Each structure stands twice: as structure tokens, then as C-alpha cells.
Amino acid sequence: AFSPADLSKPEGSIGLIEETHKQFGAVDILVNNAGIQTVSKIEDFPADRWELILALNLSSNFYTTKTALPLMRDNGYGRIVNI
């Protein structure tokens, strides 16, 4: 299944897991592999790009895991892979 979720926003990450659970009835495996990178001198690095990198590379992992973990516990099974 495809989801157009915006993982740079908490509601996108949470919604992705909730929609997956609703559609399939369980969340057995979560693979956190979303990420972006920008290469730039630090003095030229745009602050808004830094915030986007943190949101997508770090915060999305937190929100998807936080949302999926209780569902996995309730189901008695689950695996989380962080790449």
C-alpha cells in the first residue's frame, strides 16, 4: 500500500501508522528508513533545511515508533528496524 504521508510532520508520521493499522488490522513490522541530506558549508547551511532534516531523519522515527509500539504490544508481536 502507498501513503502520501508527510513524515516531516508529527501528524504525518502518526497518521501513517494509524492508517496502516486500520487498513491491515495490525502493524507487525516497522522499518524507519526515511531520510534526506543536504551538503553545504555550515555557514551557508539554511536553518529551515536543518529543521527539515531533523524532522524527517529523527523525529519521524520517534513518532512512528511511539505510535506503532503499543499496537505491536497489544498484538503480542512486532519488530522495529531503524536504518
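Which residue takes a positive phi just after helix 1? In this predicted model, the residue is G25, with a phi of about 85°.

**View 1. Helix 1, residues 10-24, and the residue that follows**. Helix 1 comprises 15 residues, for which a rise of 1.5 Å a residue predicts a span of 21 Å. The C-alpha atoms at its ends are 21 Å apart, in agreement with that expectation. G25, with its positive phi, comes just after helix 1.

**View 2. The two sides of helix 1**. G12, S13 and I17 are the buried residues of helix 1. Because these residues cover an arc of only 135° around the axis, they lie on the same side of helix 1. An α-helix has 3.6 residues a turn, so residues three or four places apart point the same way. The buried residues of helix 1 pack against strand 1 and helix 2. E11 and K22, on the other side of helix 1, are exposed.

**View 3. Surroundings of N61 in helix 2**. N61 belongs to helix 2, which covers residues 47-75. Its relative accessibility is 18%; N61 therefore counts as buried, the limit being under 20%. When neighbours within four places in sequence are set aside, N61 is in contact with N32 and N82.

**View 4. A nonpolar patch on the surface**. The patch is formed by I29, V31, V81 and I83, which together have about 390 Å² of accessible area. One of these residues, I29, is located in strand 1, residues 29-32. I29 has a relative accessibility of 55% and therefore counts as exposed, the limit being over 50%.

Terms used
Residues numbered from 1 in each chain as written. Predicted model: local features only at pLDDT ≥ 70, side-chain atom pairs only at ≥ 80, totals over all residues. Heavy atoms only, no water. Helix = DSSP H or I, 4+ residues; strand = E, 2+ residues; numbered from the N terminus. Buried < 20%, exposed > 50% of the residue type's maximum accessible area, 1.4 Å probe, protein only. Contact = heavy atoms within 4.5 Å. Patch = residues over 30% accessible without salt bridge, like charges linked within 9 Å, V, L, I, M, F, W, Y side chains within 5 Å. Areas by Shrake-Rupley, 256 points an atom, 1.4 Å probe, with all protein chains shown as cover. Salt bridge = Lys/Arg side-chain N within 4 Å of Asp/Glu carboxyl O. Expected span 1.5 Å × (residues − 1). Arc of directions from axis to C-beta.
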